[in-house]
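Dear colleague,

Please find below the structure that I am handing over to you. My findings on its strands follow directly after it.

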Amino acid sequence: MLEPLNEGFLSRISDLLLCRWTCRHCCQKCYESSCCQSSEDEVEILGPFPAQTPPWLMASRSSDKDGDSVHTASDVPLTPRTNSSDGRRSSSDTSKSTYSLTRRISSLESRRPSSPLIDIKPIEFGVLSAKKEPIQPSVLRRTYTPDDYFRKFEPRLYSLDSSSDDVDSLTDEEISSKYQLGMLHFSTQYDLLHNHLTVRVIEARDLPPPISYDGSRQDMAHSNPYVKICLLPDQKNSKQTGVKRKTQKPVFEERYTFEIPFLEAQRRTLLLTVVDFDKFSRHCVIGKVSVPLCEVDLVKGGHWWKALIPSSQNEVELGELLLSLNYLPSAGRLNVDVIRAKQLLQTDVSQGSDPFVKIQLVHGLKLVKTKKTSFLRGTIDPFYNESFSFKVPQEELENASLVFTVFGHNMKSSNDFIGRIVIGQYSSGPSESNHWRRMLNTHRTAVEQWHSLRSRAECDRVSPASLEVT
């Protein structure tokens with residue numbers, strides 16, 4: 001008689017545990033259930049419950065109810081009789097307690113809410129202290145990859161040319177009337193057979209009067225224009241036309257070729273800069289024209305009249321110089337090779353420049369030795385390949401400085417200053433200091449490096465060695 005009843009009891013205990021119901025008073029005496037009350041405050045909800053009872057739980061309950069009703073109705077007939085009064089008493093007590101527990105569990109389940117309202121408080125983590133500080137959830141931020149970053153980067157917002165936004169929305173006639181810098185006529189064509197781009201600078205018109213920044217210009221009525229051509233972003237390998245004297249309508253008719261693959265040419269931007277030459281003052285940039293080559297038919301070619309726009313670069317670069325340094329500690333010799341220069345500032349209107357380089361050794365603040373290269377006529381891209389040697393003991397090397405000055409040779413008057421750099425103890429810039437440091441760290445090995453020429457005033461301001469030479 002007890003076996004079927006025990007099976008129903010175990011199934012209800014399983015239901016009780018799965019539903020997370022418990023009694024406050026009889027957790028330790030769940031088989032007696034004598035302390036349970038029928039009031040609602042005795043039942044505590046320990047966790048959330050499903051809104052609907054699962055089907056498998058409904059089936060188990062129905063089977064248990066049927067089993068309980070059958071066993072309850074047949075309690076007396078199915079109970080075996082014994083002659084011992086103690087045995088009858090124990091079996092009767094067991095059946096009563098089991099029946100009482102089953103009835104109370106049924107009453108508890110009948111009061112179970114279908115979808116209880118549960119107020120769940122946020123869980124706080126941290127070390128227990130007198131002052132509790134709840135930890136706030138961190139805001140999830142999107143991680144940007146380099147592709148996403150550069151996709152949103154707009155170069156025009158960081159351009160030094162403040163007029164770039166206006167130029168994009170204006171025609172050539174409107175640009176010409178707004179800035180009044182003149183027009184430039186040029187053409188381009190790519191040769192697929194020989195893999196080079198030809199740029200033809202034809203003429204310019206309506207150029208503005210010259211500007212003098214230091215008041216040393218003599219002729220303020222006429223300009224001496226010339227044009228510099230380069231393919232951005234490479235500004236080092238540029239070309240330059242001849243200077244047209246005293247005219248606001250120069251005719252150049254000069255062609256220049258750039259050895260470059262076709263696909264690479266389509267990624268470049270043609271930059272034409274019109275510059276005003278002045279022998280006694282700084283060369284002044286009149287204006288510029290830039291044409292992305294991806295927007296034109298290079299194979300078919302074409303020619304255009306483009307209006308000049310202002311340039312953020314008011315001064316022309318002075319040029320570059322390629323040098324090689326080598327020190328021999330055993331012999332105490334400092335060897336200097338002047339290899340070549342390129343894009344030097346033009347000092348003669350008719351034939352370019354006759355440049356040469358003067359090398360001066362300064363120990364501390366005292367001029368020790370002066371040497372110079374030969375001058376090359378009529379060029380702004382000279383090749384020298386000349387070597388010079390200076391005797392410098394190793395203990396005096398740290399206090400030595402080399403001053404390189406590029407001049408334009410002039411037979412009638414003093415030589416024309418082009419540019420200068422200082423390498424050594426009193427270097428004129430970071431590039432020069434780096435070259436000297438590399439030479440000190442690699443004895444007996446020649447170290448080559450390109451250097452951008454600086455003005456005399458700039459070198460005198462940062463290098464005391466520049467003040468000791470002429």
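Leu231 stands opposite Asp234, a residue of strand E6. Please bear in mind throughout that this is a predicted model.

The pair just named belongs to the contact between E6 and strand E5, which spans residues 225-232. These two strands pair in the antiparallel sense, over 3 bridges. They are part of an open sheet of 4 strands, in which the order is E6-E5-E8-E9 and the pairing is antiparallel. Strand E6 (234-240) and strand E9 (284-292) each have a single partner strand and stand at the edges, so one side of each is left without a neighbour in the sheet. From one strand to the next, the twist averages 25°.

I turn next to strand E13. This strand covers residues 355-363 and is mostly covered, with 8 of its 9 residues buried. Which strands does E13 join through bridges? One is strand E16 (residues 400-408), to which E13 is joined by 9 bridges, the two running antiparallel. Within this pairing, Gln360 stands opposite Val403 in E16. Another is strand E14 (residues 366-372), joined to E13 by 6 bridges and likewise antiparallel. Here Val362 has Leu367 of E14 as its bridge partner.

The connection between E13 and E14 may also be of interest to you. The two strands form a hairpin with 2 residues between them. In the turn, Gly364 has a positive phi of about 70°.

With kind regards

Notes
Residues are numbered from 1 along each chain as its sequence is written. This is a predicted model: local features need pLDDT of at least 70, side-chain atom pairs count only at pLDDT 80 or more; totals for chains, interfaces and linings use all residues. Side-chain values use heavy atoms; hydrogens and water are left out. Two strands pair if DSSP finds at least two bridges between them. Axes are lines fitted to C-alpha atoms, for helices over the stretch in contact, and angles run from 0 to 180 degrees between N-to-C directions. Buried means under 20% relative accessible area, exposed over 50%, partly exposed in between (1.4 Å probe, protein chains only).
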